[in-house]
Amino acid sequence: MKLFSYRAFSLVWFLVFMVALVVVAQVDSTSCTSTFFSALVQLIPCRAAVAPFSPIPPSESCCNALRALGQPCLCVLVNGPPISGVDRNMASQLPEKCTTNFEPCVII
C-alpha cells in the first residue's frame, strides 16, 4: 500500500511540475511572426550601424525599425545564419544604442 501511495504522489508531483513549466513557457515566450528574410529587410536602415568595425551609430530610422521589429525577431536574426556584412555582436547591441527596453538576446 505504501508503494502505491508513493508512486501516486510522485506521479501527481511530476504532472504538476510539467503543467507549471508549460504555463510559464506560454506566458514568457513571444515569438517572431516575421520570416528571417522579412525581418532582415525591415532592418535595412541599420546596415551601416551593424557593419563590421563600423563607428557609425544607429540612425533614428534604424531605431524606429528596431522597435517595430521587436526583440524576438532581432534575436532570430542574431542567432540565425551568418549574414554577409553584419557583425552579430553589433546587431545585438542595437537595443542598448537605441535606448530600447529589450531583453538581451542569448547568442547561441
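Which two cysteines form a disulfide with sulfur atoms 2.0 Å apart? The pair is C46 and C62, shown in the second of the views described below. The model is predicted.

**Overall view. The protein chain is built from helices, with zero strands.** Seven helices are present, and from the N terminus on the elements run α-α-α-α-α-α-α. Of the 108 residues in the protein chain, 28% are buried. The exposed surface of the chain comes to about 7800 Å², and carbon and sulfur atoms supply 68% of this area. Among contacts with a separation of 6 or more, 69% are between residues 24 or more positions apart. Four disulfides are found in the structure. With bonded cysteines counted along the chain, their pattern is 1-5, 2-3, 4-7, 6-8. Three of these links have close-ups below.

**Close-up of C46 and C62. A disulfide ties the loop between α2 and α3 to helix α4.** The sulfur atoms of C46 and C62 are 2.0 Å apart. The torsion about the S-S bond is 105 degrees, and the link is right-handed. C46 belongs to the loop and C62 to the helix, so the bond connects parts that are 16 residues apart in sequence. Both ends fall under the 20% cut-off for a buried residue: C46 has a relative accessibility of 1%, and C62 has 0%.

**Close-up of C32 and C73. A disulfide joins C32 to C73 with an S to S distance of 1.9 Å.** The torsion about this S-S bond is about 100 degrees, so the disulfide is right-handed. Distant parts of the chain are linked here: C32 sits in the loop between α1 (2-28) and α2 (36-42), C73 sits in helix α5, and the two are 41 residues apart. C73 is buried, at 3% relative accessibility.

**Close-up of C75 and C105. A disulfide connects C75 and C105, S to S 2.1 Å.** The torsion of about -90 degrees about the S-S bond makes this disulfide left-handed. C75 lies in helix α5 and C105 in the segment after α7, with their positions 30 residues apart in the numbering, and the pair links distant parts of the chain. C75 and C105 are both buried.

**Close-up of the largest pocket. The largest pocket holds about 230 Å³ of space.** Its lining consists of 16 residues. L40, L43, V50, I83 and V86 are the lining residues that lie nearest the centre of the pocket. The elements that give two or more residues to this lining are α3 (47-50), α5 (71-79) and α6 (88-92). Helix α5 contributes the most, with three residues. Sorted by class, the lining of the largest pocket has 12 nonpolar, two polar and two charged residues.

**Close-up of N89 and V50. N89 and V50 are 39 residues apart in sequence and 8.3 Å apart in space, C-alpha to C-alpha.** N89 is placed in helix α6. The relative accessible area of N89 is 46%, so this residue counts as partly exposed. V50 is one of the residues nearest the centre of the largest pocket.

**Close-up of F53. F53 is a residue other than glycine with a positive phi, near 60 degrees.** F53 is located in the loop between α3 and α4 (60-69). Its relative accessibility is 81%, so F53 counts as exposed.

**Close-up of T99. T99 also has a positive phi, near 45 degrees, in a residue other than glycine.** T99 is found in the segment after α7 (94-97). With a relative accessible area of 70%, T99 is exposed, as over 50% counts as exposed.

Key: Residues are numbered from 1 along each chain as its sequence is written. This is a predicted model: local features need pLDDT of at least 70, side-chain atom pairs count only at pLDDT 80 or more; totals for chains, interfaces and linings use all residues. Side-chain values use heavy atoms; hydrogens and water are left out. On a 1 Å grid over the protein atoms alone, a cavity is a set of points where a 1.4 Å probe fits but cannot get out, and a pocket is an open set with protein on both sides within 12 Å along at least five of seven lines; lining residues have an atom within 4 Å of a point. Grid points are joined across faces, edges and corners, and a volume is the space filled by probe spheres set on the points. Helices (H or I, at least four residues) and strands (E, at least two) are DSSP runs, numbered from the N terminus. Ala, Val, Leu, Ile, Met, Phe, Trp, Tyr, Cys and Pro count as nonpolar, Asp, Glu, Lys and Arg as charged, and the others, Gly among them, as polar. Buried means under 20% relative accessible area, exposed over 50%, partly exposed in between (1.4 Å probe, protein chains only). Contact means heavy atoms within 4.5 Å. Accessible areas come from the Shrake-Rupley method with a 1.4 Å probe; for residues, only the protein chains shown count as cover. A disulfide is a pair of cysteine sulfur atoms within 2.5 Å.
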